[in-house]
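Student: Could you take me through the empty space inside this one, with a close look at the cavity and what lines it?

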Amino acid sequence: MKKITTSSLLAKKQAGEKITALTAYDASFAKLFDSKGVDIILIGDSLGMVLKGEPDTLAVTVEEIAYHTRAVASGVTSTFVIADMPFMSYGTEVDAMHNAARLMAAGASMVKVEGGEWLCSTIQKLTERGVPVCAHLGLTPQSVHVFGGFKVQGRQQAQADKLCTDAQRLEAAGAQLLVLECIPQALAKRVSELLSIPVIGIGAGPDTDGQILVMHDMLGVSANYMPKFSKNYLAQTGDLHTAVETYIEEVKQGVFPGPEHSFVQ
C-alpha cells in the first residue's frame with residue numbers, strides 16, 4: 001500500500017471517502033492497524049489515562065510521547081502518524097518549535113495541538129518550518145479543569161459560532177487536519193462543510209470526514225470507563241483482527257457512529 005500523506009487524506013475528503021483513525025502506542029498494534037488499512041494512527045496523550053491509569057492527560061510528557069512515537073513509527077509502512085503535543089509543551093511559540101521538532105524526529109508526520117484562535121500564530125510558524133499541524137477543538141482534554149470536567153462542548157449558540165470561527169481561522173493559519181471531540185452532531189456537520197481540510201470526529205456524530213477512537217476503548221479494555229461515543233468492537237466480534245476490520249468497515253460505510261454514540265444537542 002502507498003504511504004498515506006496529507007495530500008491523500010485531503011483527496012479522501014474531496015472524494016467523500018471516510019477516513020479511519022485509531023490511537024496506538026507500540027509497534028505491535030501499529031503494525032496490526034497498518035496491515036488492516038487504518039489511515040491514521042495518533043500517539044495520543046490519552047496514554048496518560050489508558051496506559052498509566054491517571055485521571056486525565058495533564059501529566060504526560062514530551063519524552064513519553066516521543067518514546068511511543070518511535071515505537072509506533074517502527075511498526076508502520078503506510079499509515080499516517082500523528083503525535084500529540086502534551087499539556088503546556090506549546091504554551092509559547094519557542095516551546096512549540098522545540099517540542100514539535102523532537103516529535104517529528106521521533107517519527108511523526110504531523111503534530112496535534114489543542115485550542116482555538118490563540119494558536120494561529122504558532123500553527124503558522126510550525127507549518128512555515130515544515131511541521132504539519134492537526135488542530136483540535138470541542139472537548140480539548142488538556143483544558144478539562146477549565147471546562148469543569150469532561151463535558152460536551154458547543155451546545156450554546158455562541159459557543160457553536162465561536163467554534164466555527166476558530167476552525168476557519170486555524171485552517172487559514174495552516175492546519176491541515178482538524179479533530180472535533182464531544183460536540184453536537186449538527187455542529188460537527190456544519191464545521192466539516194465549512195472547511196476544506198479533513199475533519200475527524202470523536203463523539204461528534206457521523207457527518208465528519210472520518211472517525212477516531214482510542215484503541216483501548218475500541219477493544220473494551222480501558223482502565224477507567226467506556227465513553228458514550230465509543231463502541232466495543234472486540235466484544236462484538238470476539239477476535240482482535242476482526243474487530244479492527246469491522247471498525248474500519250463500519251466507519252467507511254457510515255454505520256459508526258450511530259445515534260447512540262452521538263450527541264444531538
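Tutor: Sure, classes first: Ala, Val, Leu, Ile, Met, Phe, Trp, Tyr, Cys and Pro count as nonpolar, Asp, Glu, Lys and Arg as charged, and the others, Gly among them, as polar. This is a predicted model, where local features need pLDDT of at least 70, side-chain atom pairs count only at pLDDT 80 or more, and totals for chains, interfaces and linings use all residues. Residues are numbered from 1 along each chain as its sequence is written, and side-chain values use heavy atoms, with hydrogens and water left out.

On a 1 Å grid over the protein atoms alone, a cavity is a set of points where a 1.4 Å probe fits but cannot get out, and lining residues have an atom within 4 Å of a point. Grid points are joined across faces, edges and corners, and a volume is the space filled by probe spheres set on the points. There is one cavity of 30 Å³ or more in the structure, and the largest cavity holds about 50 Å³.

Its lining is made up of Ile40, Leu42, Ile82, Lys112, Cys134, Leu177, Val179, Ile200 and Ile212. By class, that gives eight nonpolar residues, no polar ones and one charged. At least two lining residues come from each of strand 2 (40-43) and strand 6 (177-181); strands here are DSSP runs (E, at least two residues), numbered from the N terminus.

Just past strand 6, the loop between that strand and helix 9 (185-194) contains Cys182; helices are DSSP runs too (H or I, at least four residues). Cys182 has a positive phi of about 50°, though it is not a glycine.

Definitions and conventions. On a 1 Å grid over the protein atoms alone, a cavity is a set of points where a 1.4 Å probe fits but cannot get out, and a pocket is an open set with protein on both sides within 12 Å along at least five of seven lines; lining residues have an atom within 4 Å of a point.
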